[in-house]
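Visitor: Please show me the model, and then we can go through a few points in it.

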Amino acid sequence: MTVKELYDRMSARIPHELSEPWDNDGLMCSPDVTAEVSKVLVTLDVTEQVVDYAVEGGFDLIVAHHPLIFKPLAQVNNDNNVARKVIKLIQSGISVFSFHTRADKVKDGVNDQLCDALDLHDAVPFGDGCLGRIGYTDEEMTLEDFAYRLKDQLEVSAILSADAYNPVHRVAVVGGSGKDYVRAAIEAGADTFVSGRLDYHIMEDAEEIGINLIEAGHYFTEYPVTNFFCTALTHIDPSLYIETVGSNNIKLL
């Protein structure tokens, strides 16, 4: 299957119409859209380490969540880190697909995968553009118990939590940056809201506004989407060699 054929099939599964107007995703980079794809590297971010790994491993394609190119490139040279990666990718014959906000919203995408990782059931969309998801734990528990379980489930070493002293049962999630969805989570009836990144002042007000809040890290709340990408790619072409690689460069000291 060619780069263009695979991109079209992936776009049918993750429609571009779901992307936010401000977003930039899709076929980010391709030196030859007619080239055959046999080896695919799946990741969250197209970091320089990921690009080097793809080059060394002889991959034809990188499929990522975050856009390789988000703002227009004024110049394409080695002085700019994004342009430097684009140059290296083109020289090595590697294409890049990025599925960003459309993968947040699509069924089985970022937020459904986050629900699955947290063992939430009967999840339904909520919020602007139906980007978030809200579901149920099997049983009520304290925020502390839920938080410790979440750390294990997402394999994160530390989180931030703000307790409104609600029993945790109806949980809303937005992977990545979810500070703009707190009010929508309250309106949807959530007792607890989990996101990757929230706001200091919002978390300070958790008890006053009546919702438990957990900030679990942008990377860790979105990384489960790599499972979705792998499944979609395998369904389209079972002959593909698919590998997943981490891209987190932010360390807790």
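Visitor: How many Å does helix α11 reach from its first C-alpha to its last?
Guide: This is a predicted model, in which local features need pLDDT of at least 70, side-chain atom pairs count only at pLDDT 80 or more, and totals for chains, interfaces and linings use all residues. Residues are numbered from 1 along each chain as its sequence is written, and side-chain values use heavy atoms, with hydrogens and water left out. Helix α11 (a DSSP run of H or I, at least four residues, numbered from the N terminus) covers residues 225–236, twelve in number. At 1.5 Å times one less than its number of residues, the expected span is 16 Å, and the model comes close to that with 17 Å.

Visitor: Are α1 and α11 parallel, antiparallel, perpendicular or oblique?
Guide: The axes, lines fitted to C-alpha atoms over the stretch in contact, have angles that run from 0 to 180 degrees between N-to-C directions. Those of α1 (residues 3–13) and α11 come within 10 Å and cross at roughly 120 degrees. Angles under 35 degrees count as roughly parallel, over 145 as roughly antiparallel and 65 to 115 as roughly perpendicular, with the rest oblique, so α1 relative to α11 is oblique.

Visitor: Which residues of α11 make the contact with α1?
Guide: Contact means heavy atoms within 4.5 Å. From α1 come L6, R9, M10 and R13. On the α11 side are F228, F229, A232, L233 and I236.

Visitor: Is G217 buried or exposed?
Guide: G217 sits in the loop between β10 (212–215) and α10 (218–222). Its relative accessibility is 15%. Buried means under 20% relative accessible area and exposed over 50% (1.4 Å probe, protein chains only), so G217 counts as buried.

Conventions
Helices (H or I, at least four residues) and strands (E, at least two) are DSSP runs, numbered from the N terminus.
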